[in-house]
Amino acid sequence: MMNEQLYKKLSAPFCRTEKCVKTLIYTNKILTASVYLAYPVALYAAYRRSYAQLLMSVVIPGIFFVLLSVFRDWYDAPRPYEKLDIEPIIKKDTKGHSFPSRHVFSAFMIDMVIFPLSKVAGIVYFVIAVLIACIRVLGGVHFPKDVIVGALAGIIGWFIGCGFFHMML
């Protein structure tokens with residue numbers, strides 16, 4: 001269970017200097033942007049492979065993103081900086097909607113779109129998704145359970161969606 005002491009211990013190396021803080025913040029932005037920029041490239045690659053691959057690559061992430069968002073709004077879990085006495089490294093004005101992490105869900109879901117198209121790129125984006133998950137916790141905007149469930153929702157959602165999609169064919 002994440003508490004103030006554990007969070008402060010984990011985030012301490014990133015709080016030592018302003019340069020460390022900025023590095024964590026910019027790394028979060030760059031990695032997140034790289035995933036979101038990779039998605040249209042993956043969609044183009046899916047289109048080049050087959051219409052079915054493109055359809056799966058759009059419909060499955062879209063449906064599960066909406067389902068996850070609806071659940072998040074309903075569940076409305078507080079963020080670490082609301083519940084704990086901490087100053088987050090990554091500043092957010094958002095209250096609640098912490099569980100599960102939509103950033104991490106999206107990173108893993110997009111990785112699942114990429115993986116069948118290129119194993120190497122899939123591995124690279126899997127590592128990026130794991131780094132995003134770690135940064136979201138170190139940055140103080142998510143609890144570990146938020147990012148773990150977000151990751152699992154992205155991976156499992158892809159496989160469930162593929163299963164339904166293939167049943168329809």
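This report describes the largest pocket, the aromatic pairs, selected buried residues and the backbone geometry of a predicted model.

## The largest pocket

The largest pocket of the model holds about 160 Å³ of space. Its lining is made up of Val-59, Ile-60, Ile-63, Phe-64, Ile-160, Gly-161, Phe-164, Phe-165 and Met-168. Two elements give two or more residues each to this lining, namely α3 (51-75) and α7 (144-168). Of the elements, α7 gives the most, with 5 residues.

In chemical character, the lining of the largest pocket comprises 8 nonpolar residues and 1 polar residue, with no charged residue.

## Aromatic pairs between helices

Across the whole structure, 8 aromatic pairs are found. One of them joins Phe-65 and Phe-105 in a tilted arrangement, with the ring centres 6.5 Å apart and 40 degrees between the planes. Phe-65 belongs to helix α3 and Phe-105 to helix α5 (residues 102-114), so this pair ties together parts that are 40 residues apart in sequence. The two partners can be set side by side in terms of accessibility: Phe-65 is partly exposed, with a relative accessible area of 35%, whereas Phe-105 is buried, at 2%.

Phe-108 and Phe-126 form an edge-to-face pair, with 5.5 Å from centre to centre and 85 degrees between the planes. Because Phe-108 lies in helix α5 and Phe-126 in helix α6 (residues 119-138), the pair ties together parts that are 18 residues apart in sequence. Phe-108 counts as buried, at 4% relative accessibility, while Phe-126 counts as partly exposed, at 38%. Elsewhere, ring pairs link Phe-71, Trp-74, Tyr-75 and Phe-99 into a cluster.

## The surroundings of His-142

His-142 is located in the loop between α6 and α7. This histidine has a relative accessibility of 2% and therefore counts as buried, the limit for that class being under 20%.

Two polar partners of the His-142 side chain can be described. The backbone oxygen of Ser-98 is reached by the side chain of His-142 at 3.0 Å. With the side chain of Asp-146, the side chain of His-142 makes a polar contact at 3.4 Å. When residues up to four places away in sequence are not counted, His-142 touches Arg-72, Arg-79, Pro-80, Ser-98, Ser-101, Arg-136, Val-137 and Val-147. Ser-98 thus appears both in this set of contacts and as the residue whose backbone oxygen the His-142 side chain reaches.

## Buried positions in helices α2 and α3

Ala-38 is part of helix α2 (residues 18-49). With a relative accessibility of 11%, Ala-38 counts as buried. Its contacts, leaving aside neighbours within four places in sequence, are Ile-114 and Tyr-125. Ala-38 and Tyr-125 are 87 residues apart along the chain, yet their C-alpha atoms are separated by 9.0 Å.

Gln-53 is placed in helix α3, one of the elements that give two or more residues to the lining of the largest pocket. At 13% relative accessibility, Gln-53 also counts as buried. Beyond its neighbours within four places in sequence, Gln-53 is in contact with Ala-46, Pro-116 and Leu-117.

## Backbone geometry in the loops

The peptide bond from Phe-99 to Pro-100 is cis, with omega near -15 degrees. Pro-100 lies in the loop between α4 (80-83) and α5. Phe-99, on the other side of this bond, is a member of the aromatic cluster with Phe-71, Trp-74 and Tyr-75.

Positive phi values occur at two residues that are not glycine. Asp-76, in the loop between α3 and α4, has a phi of about 50 degrees. His-97, in the loop between α4 and α5, has a phi of about 55 degrees. Both residues are classed as partly exposed: Asp-76 has a relative accessibility of 38%, and His-97 has one of 22%.

Conventions. Residues are numbered from 1 along each chain as its sequence is written. This is a predicted model: local features need pLDDT of at least 70, side-chain atom pairs count only at pLDDT 80 or more; totals for chains, interfaces and linings use all residues. Side-chain values use heavy atoms; hydrogens and water are left out. On a 1 Å grid over the protein atoms alone, a cavity is a set of points where a 1.4 Å probe fits but cannot get out, and a pocket is an open set with protein on both sides within 12 Å along at least five of seven lines; lining residues have an atom within 4 Å of a point. Grid points are joined across faces, edges and corners, and a volume is the space filled by probe spheres set on the points. Helices (H or I, at least four residues) and strands (E, at least two) are DSSP runs, numbered from the N terminus. Ala, Val, Leu, Ile, Met, Phe, Trp, Tyr, Cys and Pro count as nonpolar, Asp, Glu, Lys and Arg as charged, and the others, Gly among them, as polar. Rings of Phe, Tyr and Trp (its six-membered ring) pair if their centres lie within 6.5 Å; planes under 30 degrees apart count as stacked, over 60 as edge-to-face and the rest as tilted. Buried means under 20% relative accessible area, exposed over 50%, partly exposed in between (1.4 Å probe, protein chains only). A polar contact is a pair of N or O atoms within 3.5 Å; within protein, one must be able to donate a hydrogen and the other to accept it, and residues adjacent in sequence count only if both atoms are side-chain atoms. Contact means heavy atoms within 4.5 Å.
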